[in-house]
Amino acid sequence: MGSILAEPEQMNKTDKSQYEVEGIGYDFIPTALDRSVIDCWCKTTDEESFNMSRMLIKQEGLLCGGSSGSAMVAAMKMAKELKEDQRCVVILPDSLRNYMTKFLSDKWMCEKGFLREEDLIINKPWWWNLTLQELQLSAPLTVLPSVSIKNTIKILKDKAFDQAPVVEETGMIMGMVTLGNMLSSVLAGKVSPSDPVNKVLYKQFKQVHLTDKLGKLSRILETDHFALVVHDQIQYLTDGSSLLKKMVFGIVTAIDLLNFVTTCERRERSLSECSLPDDM
């Protein structure tokens, strides 16, 4: 993916719009490349490359990067065609120095779809595979984009909320605002209290669905203060086309998850104690 070096030209075609393994191909032909001496080209994917790199680090102690994983994947594919007395030499071209926050991170791998949450923990807690529906979240407080920053701050303080989704009148999500961000923006003079709240929107937040598992949510809440629970709605237009709209269902925080877990554990403990025989 992301390279025009291979021959025949059909090998370079892909339906992928982006790739994560960096620097392994080019969008031009380097003058130092003599493609006539290459016997065979081999394509690799991001998923198999990064998982191979992680395996080389874990099992072989080779602190290599994603490009090395790609090289090893290709070598293993080609090695299947070698005869018994032939050797295979692989050059690992990069280290992991520039990728410490990328494929080394389980969370990053899961977010990119290269690793499944269920493969990470062998002894999962009892709630891990339950869905967000179990949390029974209350209806969220939402704000229209035209509401002033001053009024939004007052609303959040009165309702004891730290953040709120900003939605259009149709219900579509525009972004999020937090109490801390609004106060700091006002104090820094970046915005005026009378400005509409859509001037302090941010969109770098995680979204989850009611069908997602609590295990996935717990991973998100390790680094994020909250996640926005959304519902996908398909709206058909007059021209016959369709539009996918994301509607707010709720906001979930670490406190919500913790309250659910501890409440259920206390309930189970109480039921267990009540069921004990009289002579115990």
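**A walk through the predicted model**

Let us begin ahead of the helices: Pro8 is found in the segment before H1. The model you are looking at is a predicted one, and in it Glu7 and Pro8 are joined by a cis peptide bond, with omega at about 0°.

Moving along the chain, we come to helix H1, residues 46-60. H1 has 15 residues, and the distance from its first C-alpha to its last is 20 Å, close to the 21 Å expected at 1.5 Å a residue. Its buried residues are Asp46, Ser49, Phe50, Met52, Ser53, Leu56 and Ile57. They sit on the same side of H1 because they cover an arc of only 160° around the axis. Turn the helix over, and on the face away from that buried side you will find the exposed residues Lys58 and Gln59. The cover over the buried residues of H1 includes H2 and helix H3, residues 106-111. Just after H1 comes Gly61, with a positive phi of about 70°.

Next is helix H2, residues 66-79. With 14 residues, H2 should span 20 Å at 1.5 Å a residue, and its end C-alpha atoms are indeed 20 Å apart. Buried here are Gly66, Ser67, Ser68, Gly69, Ser70, Met72, Val73, Ala74 and Ala75. These buried residues of H2 pack against H1, and H2 in turn is among the elements that cover the buried residues of H1.

With the two helices in place, we can look at the empty space. Rolling a probe the size of a water molecule over the atoms shows where such space is left. The largest pocket has a volume of about 1,200 Å³. Its lining is made up of 38 residues, and Ile24, Trp41, Cys42, Ala71 and Ala74 are the ones that lie nearest its centre. H1 and H2 each supply at least two residues of this lining, and H2 gives the most, with six. Ala74 links the two views, being buried in H2 and among the residues nearest the pocket centre. By class, the pocket lining divides into 21 nonpolar, eleven polar and six charged residues.

There is also enclosed space to find. The structure holds one cavity of 30 Å³ or more, and the largest cavity has a volume of about 40 Å³. Lining it are Glu20, Val21, Glu22, Phe50, Gly66, Ser67, Asp94, Tyr99, Lys102 and Trp108. Some of these names are familiar: Phe50 is a buried residue of H1, while Gly66 and Ser67 are buried in H2. In this lining, four residues are nonpolar, two are polar and four are charged.

Further along, the loop between H3 and helix H4 (149-159) contains Glu134. A relative accessible area of 40% makes Glu134 partly exposed. From Glu134 to Val166 is 32 residues in sequence and 25 Å in space, C-alpha to C-alpha. Gln136 lies in the loop between H3 and H4 as well. Its phi is near 50°, a positive value in a residue other than glycine. Gln136 counts as exposed because its relative accessibility is 73%, and the cut-off for exposed is over 50%.

Our last stop is Ala160, in the loop between H4 and strand E1 (163-167). Here too a residue other than glycine takes a positive phi, with Ala160 near 60°. Ala160 is exposed, at a relative accessible area of 69%.

Notes
Residues numbered from 1 in each chain as written. Predicted model: local features only at pLDDT ≥ 70, side-chain atom pairs only at ≥ 80, totals over all residues. Heavy atoms only, no water. 1 Å grid on protein atoms, 1.4 Å probe; cavity = no way out; pocket = protein on both sides within 12 Å on 5 of 7 lines; lining within 4 Å. Points joined across faces, edges and corners; volume = space filled by probe spheres on them. Helix = DSSP H or I, 4+ residues; strand = E, 2+ residues; numbered from the N terminus. Nonpolar A, V, L, I, M, F, W, Y, C, P; charged D, E, K, R; others polar. Expected span 1.5 Å × (residues − 1). Buried < 20%, exposed > 50% of the residue type's maximum accessible area, 1.4 Å probe, protein only. Arc of directions from axis to C-beta. Contact = heavy atoms within 4.5 Å.
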